[in-house]
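Thank you for making time this morning. I would like to walk you through a structure that will be new to most of you, so please have it open while I talk.

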Amino acid sequence: MGSKPFASSADLDAKTETLEVVAEGVWALTAQGDPNVGAVEGEDFLVCVEARATPVAARDWLARLREHTDKPIRYLVLSHYHAVRVLGASAFGAAAVIAHDMTKHLIAERGEQDWASELARMPRLFKEPASIPGLTWPTATFSDRLTIDLGGDRGELVLAYCGRGHTAGDIVAWLPRAGVLFAGDLVEAQAALYTGDAFHHDWAGGTLDRVADLGARALIGGRGAVVHGEEAVGAAIAQTRDFLAVMQREVGAVHAAGGTVKDAFEGTHAALAPTYGSWPIFEHTLPFNVQRLWDELDGIDWPRIWTAERDRDVWAALQD
Ligand SMILES: [Zn+2]
């Protein structure tokens with residue numbers, strides 16, 4: 001086998017976690033490129049955003065949150081179906097678990113395989129994996145938009161679908177009053193993208209346009225630090241778009257010229273690495289990203305399912 005350890009399997013050092021009060025009653029826990037989580041305070045309840053990979057990992061986050069508020073968690077919002085964001089859901093005791101219709105569909109279609117795949121790719125995030133009681137099932141889903149009245153004079157939290165992107169069913173959580181946006185994995189802040197289940201063209205086009213149109217003044221991406229200020233939010237969105245554009249250009253050129261997916265991987269790696277190579281999960285995700293985009297260019301619209309075995313095959317073919 002080659003010299004590079006598989007995916008993030010060798011990334012075992014704990015990250016420093018930072019709990020930030022983004023606005024009054026809005027918290028975000030970031031962790032140097034590990035998946036972010038957050039919470040929004042209602043008048044007599046909490047909305048939590050993202051669930052982490054296991055209930056034990058989720059309880060670590062909730063212990064930090066409980067230093068600030070003891071209100072009950074009424075809603076758990078899941079931005080998309082990926083295991084590292086949903087399998088800790090049982091720790092929240094939420095009255096409702098909210099996601100997009102398509103997220104529920106994807107969990108039914110490929111949740112088991114995704115769990116095995118992500119556990120092998122990112123074992124450090126799965127703290128005490130035996131604590132996971134099973135797949136996480138949303139109890140309330142929607143297709144376009146769902147609004148939660150936060151009570152009192154707190155305004156509302158808008159859950160919105162912006163189009164296909166990182167997956168077929170990403171949603172964002174938007175607080176118009178505070179100008180704060182939880183963008184899920186549709187936007188990363190100085191962390192590499194994962195596009196293995198993505199729709200590159202849609203994501204780089206209309207989907208990110210709709211995210212940008214919200215006009216956020218603070219943004220919590222899927223990974224990376226909280227972004228403050230309209231200019232910096234715009235830069236994070238532009239950076240996400242650029243990553244996708246470079247991939248589309250490089251993989252597209254090799255595909256059009258009748259090259260191989262290995263050629264496409266090497267060209268894309270060389271083009272992205274000067275800007276993005278040092279960012280979290282860059283080496284981990286790129287083989288899966290290139291393979292998915294190659295599939296799209298082959299006309300495979302619906303992403304093929306990643307299994308632990310297919311992960312290893314693609315890794316061996318491209319990254320080793
Ligand atoms: Zn994801």
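I will begin with the metal site, then go on to the aromatic rings, one helix, and a few individual residues.

Please keep in mind throughout that this is a predicted model, and that residues are numbered from 1 along each chain as its sequence is written.

Let us start with the zinc ion. Which residues coordinate the zinc ion? They are His80 through NE2, His82 through ND1, His166 through NE2 and Asp185 through OD, at 2.1 to 2.4 Å. If you follow the chain, these donors are spaced as H-x1-H-x83-H-x18-D. The geometry of the site is irregular, with angles of 90 to 176° among its 4 donor atoms; an angle of 176° is outside the range of 85 to 135 degrees that a tetrahedral site would need. Within this set, His166 sits in the loop between strand E9 (156–161) and strand E10 (171–175), while Asp185 sits in the loop between strand E11 (180–184) and helix H4 (200–213), so this pair ties together parts that are 19 residues apart in sequence. His166 and Asp185 are both buried.

Now to the aromatic rings. How many aromatic pairs does a search of the whole structure find? The search gives 9, and I will show you two of them in some detail. One of these is the pair of Phe6 and Trp315, which is edge-to-face, with 5.5 Å from centre to centre and 75° between the planes. Phe6 belongs to the segment before strand E1 (18–23), whereas Trp315 belongs to helix H8 (residues 308–318), so the contact ties together parts of the chain that are 309 residues apart in sequence. Both of these residues, Phe6 and Trp315, are buried.

Another pair is made by Phe243 and Phe282, again edge-to-face, with 6.5 Å between the centres and 80° between the planes. Here Phe243 comes from helix H5 (residues 230–256) and Phe282 from helix H7 (residues 282–297), so parts that are 39 residues apart in sequence are tied together. Phe243 is buried, with a relative accessible area of 2%, and Phe282 is buried as well, with a value of 1%.

If you go back to Phe6, you will find that it also belongs to one aromatic cluster, together with Phe288, Trp306 and Trp315. The ring of Phe6 has a charged neighbour too, since the charged end of Arg312 sits over it, 3.9 Å from its centre. A similar arrangement can be seen at Phe199, where the charged end of Arg292 sits over the ring, 5.3 Å from its centre.

Let me stay for a moment with helix H7. It has 16 residues and reaches 22 Å from its first C-alpha to its last, close to the 22 Å expected at 1.5 Å a residue. Is H7 largely enclosed or largely open to the outside? Of its 16 residues, 13 are buried, so H7 is largely enclosed by the rest of the structure. After the helix comes Gly299, whose phi is positive, near 95°. Before the helix, in the loop between helix H6 (261–276) and H7, you will find Ile281, which has a positive phi of about 60° although it is not a glycine. Ile281 counts as buried, at 15% relative accessibility.

A second residue of this kind is Glu50, with a positive phi of about 75°, although it is not a glycine either. Glu50 lies in the loop between strand E4 (46–49) and H1, and at 4% relative accessibility it counts as buried. For background, most residues other than glycine have a negative phi.

Strand E3 (residues 34–41) gives us two side chains to look at. Glu41 lies in this strand and is buried, with a relative accessible area of 17%; a polar contact of 2.9 Å joins its side chain to that of Lys71. Asn36 is also in strand E3, and its side chain reaches the backbone oxygen of Gly221 at 2.9 Å.

I will finish on the outside, with Asp70, in the loop between helix H1 (55–65) and strand E5 (73–77). Asp70 is exposed, with a relative accessible area of 68%. Its C-alpha atom is separated by 49 Å from that of Ala270, 200 residues apart along the chain.

Key
Predicted model: local features only at pLDDT ≥ 70, side-chain atom pairs only at ≥ 80, totals over all residues. Heavy atoms only, no water. Phe/Tyr/Trp six-rings, centres within 6.5 Å; stacked < 30°, edge-to-face > 60°. Helix = DSSP H or I, 4+ residues; strand = E, 2+ residues; numbered from the N terminus. Buried < 20%, exposed > 50% of the residue type's maximum accessible area, 1.4 Å probe, protein only. Lys NZ or Arg CZ within 6 Å of the ring centre and 35° of its normal. Donors = N, O, S within 2.8 Å, 3.2 Å for Na, K, Ca; no water. Tetrahedral: all angles 85-135°; square planar, octahedral: opposite > 155°, others 65-115°. Expected span 1.5 Å × (residues − 1). Polar contact = N/O pair within 3.5 Å; in protein donor to acceptor, adjacent residues only side chain to side chain.
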